[in-house]
Amino acid sequence: MLIKLSNGRELPMEVHKVRIVQKTRLVPIEERLKAIQEGGYNTFALRTKDIFLDMLTDSGTNAMSDNQLAAMMVSDDAYAGSESFYKLAQAIEDVLGFKYVLPVHQGRGAEHLIAKVFVKPGDVIPMNYHFTTTKAHFELAGAQVLEIYADEALNTQSKHPFKGNIDIEKLKETIKKYGVDKIPFVRMEATTNLLGGQPFSIENLKQVKQIALEHKIPLVYDGSLISENAYFVKLREKGYENKTIEEIIKEMMSFVDLFYLSGRKCSCVRGGFIATNNKEFYEKIKPWLPVYEGFLTYGGMSTKEIEAMAVGIREMTDLNVAGSAAEFVKYFAERFIENGVSVVTPPGGLACHVDATIFLPHVPQSQYPAGALAAAIYIVSGVRSMERGTISMDRDPDGNEVFSDLELARLAIPRRVYTVSQIEYVVDRISWLFKHRDLIKGLRFIEEPPVLRFFFGKLEPIDDWGRKLGEVFKKEFGANF
Ligand code: F0G
């Protein structure tokens, strides 16, 4: 819930009590320098013991509710026919309106199955924007991903309320250019992750569906951040102010042929599923489920997580749950902007994204400004963010670097985990870093994996800038911070 203070500021207000906590520790600057050096300047290589606030991702790191934890205690571990699965299937039918459900171990398991069943070499897949694992799976199946967003989507300083929209004219041209036979489906990603958590409007979804339907092309919906997209529709789209999140979700689903999500995000568990009302699609995917994920009634998930997901799917329709991350992102972004730090606007749904191109204009894309910024943030604060820029793009088949559209350091907001005082700390340290940004230089690879290189790649700082930054920090804050 957003509470308006007497000074006019809107404060994210928790409408829950914290009853279980995990200790965290701010390790001194020298230890942080050692940890980032050993991790090859890649925040994925850091260990929890060295991290103060973990804002790498909201995936699998959200706080669960008491009702979710309680549900885990009554799970049914049957390999086949687990009652936990039927509870999940019922929740999905009630909330999303789909009859057929295929559980998977996490979102990318769904992407793998969809790629396996629907995508053939030479296909093209239009979408509002890619996600890393989505692109990897569709490309491994021999297809090309086509991102057909409006120009505004890449303007990080925009005020456009729906930067996740597909450009309708470009979609029509794409279908004309490639032909229906080469397009297995159109994919819409809710609260478009790599654009900075930006939603699409229902109006846009409706138009995309209409065009897809005219050409008999199915519409696939990645709902990993569905409740946030519904939250933004309620806030920003005319005519939806008085609708509930549940009603908005139901309306969105009425346009969807095949749905999947990573439950690690908005249902606060570890798992995922595919859902549809199309029996033929269901029957096509079903035989492959036990091959790659697990039997139909668990799909690689623990039955405890299935129980918690059944509760989480219902809880995500609560306005306070749907908005819990977005409200913090809004506050975070406003505080950054007050301090002169440029972040993606409008504030999105899963994280506050610092624009590394504006923060580090002196670092060229070939030296990975977003990766350098993520490492620098860790050095000065112990806060772990994630590079979402060129390191997150793999090279093309000829080995050429593919520059990312955006260079962002992503500070994710796991739902119901961090507090305003912790956000204030992050804003303070990054604002300090902004004043000393000249100390930050680029990175270069010393070990580069062939696929999804951002996970395991190792880099080094050009001119050993990390150490120099550490020295300046120590002079200001002392060796203990
Ligand atoms: N689709 C979207 C939109 C995602 O954000 C993710 C994961 C996936 C698919 C894959 O799901 O991780 O359960 O296999 N996003 C995480 C992130 C990893 O950090 O943003 P998964």
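What percentage of the 481 residues in the protein do buried residues make up? In the predicted model, buried residues account for 59% of the 481 residues. The secondary structure of the protein consists of 19 helices and 16 strands.

The overall dimensions were examined next. For a chain of 481 residues, a compact globule would be expected to have a radius of gyration near 23 Å, and the value of 22 Å computed for the protein therefore agrees with that expectation. Along the principal axes, the C-alpha atoms occupy a box of roughly 65 × 50 × 45 Å. Among contacts in the protein with a separation of 6 or more, 73% are made by residues 24 or more positions apart.

The surface and the charges were also characterised. The protein has an accessible surface of about 19400 Å², and carbon and sulfur atoms contribute 53% of this area. Its charged side chains comprise 59 positive and 63 negative ones. The centres of these two sets are separated by 2 Å.

At the level of single residues, T133 was considered. This residue is part of helix α5, which spans residues 132-140. The relative accessible area of T133 is 5%, and because buried residues are those under 20%, T133 is classed as buried. When neighbours within four places in sequence are set aside, T133 is in contact with R108 and E111. T133 thus combines a place in helix α5 with contacts to R108 and E111 beyond its sequence neighbours within four places.

Conventions. Residues are numbered from 1 along each chain as its sequence is written. This is a predicted model: local features need pLDDT of at least 70, side-chain atom pairs count only at pLDDT 80 or more; totals for chains, interfaces and linings use all residues. Side-chain values use heavy atoms; hydrogens and water are left out. Helices (H or I, at least four residues) and strands (E, at least two) are DSSP runs, numbered from the N terminus. The radius of gyration is taken over C-alpha atoms; the globule rule is 2.2 Å times the number of residues to the power 0.38. Buried means under 20% relative accessible area, exposed over 50%, partly exposed in between (1.4 Å probe, protein chains only). Contact means heavy atoms within 4.5 Å. Accessible areas come from the Shrake-Rupley method with a 1.4 Å probe; for residues, only the protein chains shown count as cover. Lys and Arg count as positive and Asp and Glu as negative; His and the chain ends are not counted. The place of a charge is taken as NZ of Lys, CZ of Arg, CG of Asp or CD of Glu.
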